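This report goes through one protein model, beginning with the whole chain and ending with single residues. Keep the structure in view while reading.

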Amino acid sequence: MTQAHPRISKAVIPAAGLGTRFLPATKATPKEMLPVVDKPAIQYVVEEAVSAGLDDVLMITGRNKRPLEDHFDRNYELESALQKKGDASRLAKVQESSDLATMHYVRQGDPRGLGHAVLCAAPHVGHEPFAVLLGDDLIDPRDPLLQRMIEVQEQHGGSVIALMEVAPEQIHLYGCAAVEATAEGDVVRISGLVEKPDPADAPSNYAIIGRYVLDPQIFDILRKTEPGRGGEIQLTDALQQLATDEKLGGPVHGVVFQGRRYDTGDRGDYLRAIVRLACEREDLGPDFRTWLRSYVAEEMQQS
């Protein structure tokens, strides 16, 4: 008989990073607020959490991140102006972000890494399992990764990490998992984790991507975790302890994702994400694809 595990209801979104790869655009504007077509990247992430049934969202912020709070708050002056103009379409778009979820915010005063950012969520999360969504990874809503991860956690307990197969020469860019097969094709048992290994030392080519469903025991481990790579408290190091000692907080499983993922943490991938999403939009796609074909054809002729 399958054991029942507590239902997940809370999502944590770390958003305290400085966004240095996008300077000077992020000097005064949070990286998470950079638009992906016509919505800030962070809104896609919150929408994903809500689609998975998690409408209690805690955002871990830092200095100069006030625009994140403003975006998910009401803007009565703007709404009033749009109402007076009779612009119902834009009014609905403005109100959409403030009606998405119950939003909470806590500051990570000292940026000491992802593990420390997750630890900042402990008072809000309490003793429940919870999801962590990193803002640099956008998951296409047609490929519901988080829902699948929640299903696996409810079935097995413990923690669940999203994995993606990458080329061996790229594994040094990611956290990496040592895995064992299970009876479910898209689920693996994780026996070890290492942060950004050299390709020759990597236990597999399964890379960790920015979605986690975590057992609350992770907080106790993070409190004792020493700074690791980069002098920061690494979430991967804490998960390594869970993976090697099930008594600490249950097993660690991985869901191998083969769907559409957009990386907005890299400038080139950010631009590619905008192009791909714009091409797929019903209101923008037809004209944009026509222009794009013409532009590429001209560039090929010139080269």
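How many Å apart are the mean positions of the positive and negative charges of the protein? The two mean positions are 4 Å apart, taken over 33 positive and 46 negative charges.

## The chain as a whole

The model shown here is predicted. Its secondary structure consists of 11 helices and 13 strands. Along the principal axes, the C-alpha atoms fill a box of roughly 60 × 50 × 40 Å. The radius of gyration is 20 Å, which agrees with the value near 19 Å that a compact globule of 303 residues would have.

Of the 303 residues, 49% count as buried. The accessible surface of the protein comes to about 15600 Å², and carbon and sulfur atoms hold 49% of that surface. Contacts can also be sorted by how far apart the partners are in sequence. Among contacts with a separation of 6 or more, 76% are between residues 24 or more positions apart.

## Helix α10 and its surroundings

Helix α10 covers residues 267-280, a run of 14 residues. From its first C-alpha to its last it reaches 20 Å, close to the 20 Å expected at 1.5 Å a residue. The buried residues in α10 are Y270, A273, L277, A278 and C279.

Which elements do the buried residues of α10 pack against? They pack against two strands, β2 (35-36) and β13 (261-263), and against two helices, α1 (41-51) and α11 (285-302).

Helix α11 contains T290. The relative accessibility of T290 is 48%, so this residue counts as partly exposed. Along the chain, T290 and C279 are 11 residues apart, and their C-alpha atoms are separated by 9.6 Å. C279 is one of the buried residues of α10.

## Backbone exceptions

Most residues other than glycine have a negative phi, and most peptide bonds are trans. Three places in this model depart from that pattern: a cis peptide bond joins L23 and P24, while V37 and K196 each have a positive phi.

For the bond between L23 and P24, omega is about 5°. P24 sits in the loop between β1 (10-14) and β2. V37, in the loop between β2 and β3 (39-40), has a phi near 65°. K196 has a phi of about 45° and belongs to the loop between β10 (187-195) and β11 (206-214).

Are V37 and K196 buried, partly exposed or exposed? V37 has a relative accessible area of 24% and is therefore partly exposed. K196 also counts as partly exposed, because its relative accessibility is 34%.

## A buried loop residue

L100 is found in the loop between α4 (88-99) and β5 (102-107). Why does L100 count as buried? Its relative accessibility is 18%, and buried means under 20%.

Which residues does L100 touch, leaving aside its neighbours within four places in sequence? L100 is in contact with Q43, V46, E47, V50 and F72. One of these, E47, is 53 residues from L100 along the chain, yet the C-alpha atoms of the two are separated by 7.1 Å.

Terms used:
Residues numbered from 1 in each chain as written. Predicted model: local features only at pLDDT ≥ 70, side-chain atom pairs only at ≥ 80, totals over all residues. Heavy atoms only, no water. Helix = DSSP H or I, 4+ residues; strand = E, 2+ residues; numbered from the N terminus. Rg over C-alpha atoms; globule rule 2.2 N^0.38 Å. Buried < 20%, exposed > 50% of the residue type's maximum accessible area, 1.4 Å probe, protein only. Contact = heavy atoms within 4.5 Å. Areas by Shrake-Rupley, 256 points an atom, 1.4 Å probe, with all protein chains shown as cover. Lys, Arg positive; Asp, Glu negative; His and termini not counted. Charge placed at Lys NZ, Arg CZ, Asp CG, Glu CD. Expected span 1.5 Å × (residues − 1).
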